[in-house]
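User: I am new to this structure and would like to know how its labels are earned. Could you walk me through them?

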Amino acid sequence: TAKATILRVKDPQQTLSGIVYKGDHLSGLVTNTPGWHTLFAQVKLGAMRWWMPVNFKILPACQLERLRQNATGLRFSIRNNTGRTLSRTALLSGGSYRHEVKLHIAPGKTSRTLSIPAGYLVAGSNRVEVRLAHQVIDTVFVNWQLQGFPAKFTCDKINLEPYFNARVTEIFQQRYRSPRPEVPTLQLPVQGIGNWCSPLADPPVIDSGLRRLAGPKGYFKLPGDISLATPGKPDTPNIVFTSRWDNYPAAVTIPLRGKASHVYFLMAGSTSPMQSRMTNGKVIVRYRDGSTDSLLLKNPDTWWPLAQDYHPDGYAFHITEPVPYRVHLETGRITRHFTHYKPVKGLTAWGVPGGAATILDMPLHAEKTLQSLEVKTMANDVVIGLMSVTLLRTKPSNQRSL
């Protein structure tokens, strides 16, 4: 604190234990999770006393850093955040890939570029793990430039029709009246989209292109042959909605069976600027042993508005994850890069005419037996919808490729 003397310390986030302060120095043992944290020190200098915010970032000892990705595989490096040189052999794994690498990383520096070839990986999210002597570093890297999945897997399309409770086109045809404050507020318009100066926003959602894409067979394929089931017959229910609004249940659970290494979702719903940088909902996969895997639906990284697109410029608006595939509901076009936008009445120029669903995914623990899948809305004023689920399962040894 330079010349100021520390009088008291408040640590509301319980970031440090064993806090010791004397004169102008403060120290403690890190107990909280990685990321930015703040504690407060009351300090004195002359006749002045004030509370000083102390901002600091907790880093793991080592972390995996994503590099620019391409269709050849995953590229990343390891950063050594400690004050000691890291020099040892590590086991690198991702998908079905296993390989030993020799590391020599100076304090505060990164390793040489490491990679995992595309043939061992799946399109979308892949869990990468580096095992050191007494430490495991793992993270999930997203790369939609990868195509398909290894030949040992097959797509198992889960039948969601018994759980559908709406047509995706109905999302803004509802009247979301409760729960709401009983006093005047600048709240979301009753149709579930818009804002205080655009209360009549009513973007049409048209799913005719998606239904044509599915056709009589009742499914379509993403680039790389990942299959997703959805009804092709017009006007039939094709989504299970959840919400904190009373119109739909807050959560829906779908039973699963067997084992799988990966799961893909077709999802659609609403969000708004009020729900930015926070968890809008969750997709939770439960296993028979009681453990879970979760996909957090965060605006804007992993949750996208049905009637609009984001405009990440890398400055004022930044997305930390690669842009996912979206399915244009009116035309059936599947793309990661929309180029034709139309103004959504009363909203922004980044409107998607007819609406678009989003492809999301998550790696699973292939050795565990599945129990259920839960879709859950966490934030107020949003609707979270599930349209399709596909599991990647290992083919039986006697099954021929389809």
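Analyst: Happy to help; here are the labels, each with its rule.

This is a predicted model, where local features need pLDDT of at least 70, side-chain atom pairs count only at pLDDT 80 or more, and totals for chains, interfaces and linings use all residues. Residues are numbered from 1 along each chain as its sequence is written, and side-chain values use heavy atoms, with hydrogens and water left out.

User: What makes β6 and β7 a pair of strands?

Analyst: Strands are DSSP runs of E with at least two residues, numbered from the N terminus. Two of them pair if DSSP finds at least two bridges between them. Between β6 and β7 (residues 73-80) there are 5 bridges, and the strands run antiparallel, so the rule is met. Leu-64, for instance, stands opposite Ile-78 in β7.

User: Why are β6 and β10 called edge strands?

Analyst: They belong to an open sheet of 3 strands in the order β6-β7-β10, with antiparallel pairing. Both β6 (62-66) and β10 (114-117) pair on one side only.

User: Why is the pair of Tyr-97 and Tyr-120 called edge-to-face?

Analyst: Rings of Phe, Tyr and Trp (its six-membered ring) pair if their centres lie within 6.5 Å; planes under 30 degrees apart are stacked, over 60 edge-to-face, and the rest tilted. Tyr-97 and Tyr-120 are 5.0 Å apart centre to centre, with 70° between the planes, so both conditions hold. Tyr-97 lies in strand β9 (residues 97-105) and Tyr-120 in the loop between β10 and β11 (124-131), so the pair ties together parts that are 23 residues apart in sequence. The whole structure has 8 aromatic pairs, and ring pairs also link Trp-144, Tyr-264 and Tyr-325 into a cluster.

User: How do you know whether Tyr-97 and Tyr-120 are buried or exposed?

Analyst: Buried means under 20% relative accessible area, exposed over 50%, and partly exposed in between (1.4 Å probe, protein chains only). Tyr-97 has 13%, so it is buried. Tyr-120 has 37%, so it counts as partly exposed.

User: What makes β23 largely enclosed?

Analyst: Of its 8 residues, 8 are buried, so β23 is largely enclosed by the rest of the structure. Ala-356, Thr-358, Leu-360 and Met-362 point one way, while Ala-357, Ile-359, Asp-361 and Pro-363 point the other way. β23 pairs in the antiparallel sense with β18 (residues 262-269) over 6 bridges, where Tyr-264 stands opposite Asp-361. It also pairs in the antiparallel sense with β21 (residues 326-328) over 3 bridges, and His-328 has Ala-356 as its bridge partner.

User: How do you know that Lys-217 sits over a ring?

Analyst: The rule asks for NZ of Lys or CZ of Arg within 6 Å of the ring centre and within 35 degrees of the ring normal. The charged end of Lys-217 is 5.6 Å from the centre of the Tyr-219 ring and sits over it. Lys-368 lies over the face of Tyr-287, at 5.4 Å from the ring centre.

User: What makes one space a cavity and another a pocket?

Analyst: On a 1 Å grid over the protein atoms alone, a cavity is a set of points where a 1.4 Å probe fits but cannot get out, and a pocket is an open set with protein on both sides within 12 Å along at least five of seven lines; lining residues have an atom within 4 Å of a point. Grid points are joined across faces, edges and corners, and a volume is the space filled by probe spheres set on the points. There are 2 cavities of 30 Å³ or more, and the largest cavity holds about 40 Å³. The largest pocket has a volume of about 1400 Å³, and β12 gives the most to its lining, with 6 residues.

Conventions. Helices (H or I, at least four residues) and strands (E, at least two) are DSSP runs, numbered from the N terminus.
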